[in-house]
Amino acid sequence: MSTQHRDNTNLQTKLDRVKQRSQQDRGIVFNNLGHLIDLDMLRRCHHGLDGSKAVGIDGVYKYEYEQNLEGNLEQLLINIRKGSYHPKASRIVEIPKSDGSKRPLAIACHEDKIVQEATKRIVEAIYEPLFIECSHGFRPARGCDTALIALRQHLMKWECRAVLEIDLRKYFNTIPHEILIKMLEKKISDQRFLRLIIKLLKAPTMKPDGTETKNEIGSPQGSLCKALHKVLWFLQFWQTYTHTMLLIHGLRMKNLKDAQRRPLSSDTQTIW
């Protein structure tokens with residue numbers, strides 16, 4: 001689906017316009033996002049999902065869902081707009097780790113994956129323009145490979161005495177929902193869209209023994225919503241970190257005014 005501006009310049013999708021507005025006005029708060037989820041978006045999200053992945057508790061594969069694709073998507077859209085959509089429980093599969101422990105992996109039903117993907121695309125359109133160039137996690141066309149390439153380039157360019165690696169233990173399992181929603185409310189005031197996100201956050205899980213549990217904290221790994229969580233939390237962390245570094249750098253620059261534009265010392269470069 002594309003729309004054309006009145007001045008007949010460019011064709012942009014609705015998500016493109018959201019991204020453009022977010023880029024032009026970093027303080028903007030979006031109050032009407034629900035209309036972005038339409039049949040066209042749901043259809044695109046369905047086609048974008050990998051049909052070879054494991055199925056959820058309903059046992060429905062992608063090819064089975066699309067045998068009545070339009071009817072299924074129309075009913076799904078009605079449920080979302082009426083507020084009667086509720087995600088099914090995600091099936092939990094425990095994957096062995098190298099240290100002997102097990103990592104729980106959530107496998108959602110195909111229809112719930114569609115809604116997760118639609119939500120993720122909207123949130124990405126809002127927050128993607130806010131990230132700085134050196135951020136690579138859970139961003140379109142970026143990942144571990146691009147991060148390692150960028151790291152190598154910076155290490156070769158600047159004198160570096162140390163590299164700091166931070167690993168957040170059980171990150172996805174411990175994210176407080178209330179704090180996450182408050183962070184979202186800084187950019188999103190559409191209550192219907194926020195309620196949809198809350199439903200996805202609190203979607204129940206089903207353990208191998210059949211026990212169903214409502215999710216009150218964090219998000220199981222394997223959920224498409226994890227990208228939403230990590231993007232928002234990293235954005236908050238990075239804003240705090242860079243603000244601190246800018247203060248440090250500013251103090252150092254104040255003391256270096258008499259250097260008459262000499263290159264920064266190696267220890268000043270290191271903090272970047």
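The following paragraphs describe the confidence, the nonpolar core, the sheet and one helix of a predicted model.

Confidence in this predicted model varies along the chain, and the mean pLDDT of the protein is 77, with 72% of its residues reaching 70 or more. Two stretches fall below 50 in pLDDT, namely residues 1-11, which have 16 contacts in the model beyond near neighbours in sequence, and residues 251-272, for which 22 such contacts are found. Where pLDDT is low, the predicted coordinates should not be read in detail.

The largest nonpolar core of the model is made up of 38 residues, and within this core I37 and L76 are the residues with the most contacts. Two or more residues of the core are contributed by each of the helices α2 (39-48), α4 (69-82), α5 (110-127), α7 (177-185) and α8 (191-201), and the largest share, 8 residues, is supplied by α5. When residues up to four places away in sequence are not counted, L76 touches L42, Y65, Y85, E111, I114 and V115. Given the residue ranges of the helices, L76 belongs to α4, while L42 lies in α2 and E111, I114 and V115 lie in α5.

Turning to the strands, an open sheet is formed by 4 strands in the order β4-β3-β5-β6, and the pairing within this sheet is mixed. Strands of a sheet pair through backbone hydrogen bonds, either parallel or antiparallel. The edges of the sheet are occupied by β4 (102-107) and β6 (212-213), each of which pairs on one side only. Strand β3 (residues 90-96) is joined to β4 by 6 bridges in the antiparallel sense, and E94 stands opposite P104 in β4. These two strands, β3 and β4, form a hairpin with 5 residues between them, and in the turn G100 has a positive phi of about 95 degrees. Elsewhere in the sheet, strand β5 (residues 205-206) runs antiparallel to β6 and is joined to β6 by 2 bridges, with T213 in β6 as the bridge partner of T205.

The helix α6 (residues 144-157) was considered separately, both for its length and for its covering. At 1.5 Å a residue, the 14 residues of this helix should span 20 Å, and because the end C-alpha atoms are 20 Å apart, the expected and modelled spans agree. Helix α6 is nevertheless hardly covered, since the count of buried residues among its 14 residues is 1.

Key. Residues are numbered from 1 along each chain as its sequence is written. This is a predicted model: local features need pLDDT of at least 70, side-chain atom pairs count only at pLDDT 80 or more; totals for chains, interfaces and linings use all residues. Side-chain values use heavy atoms; hydrogens and water are left out. A nonpolar core is a set of buried Ala, Val, Leu, Ile, Met, Phe, Trp, Tyr and Cys residues joined through side-chain atoms within 4.5 Å. Buried means under 20% relative accessible area, exposed over 50%, partly exposed in between (1.4 Å probe, protein chains only). Contact means heavy atoms within 4.5 Å. Two strands pair if DSSP finds at least two bridges between them. pLDDT is the predictor's confidence in each residue, from 0 to 100. The expected span of a helix is 1.5 Å times one less than its number of residues.
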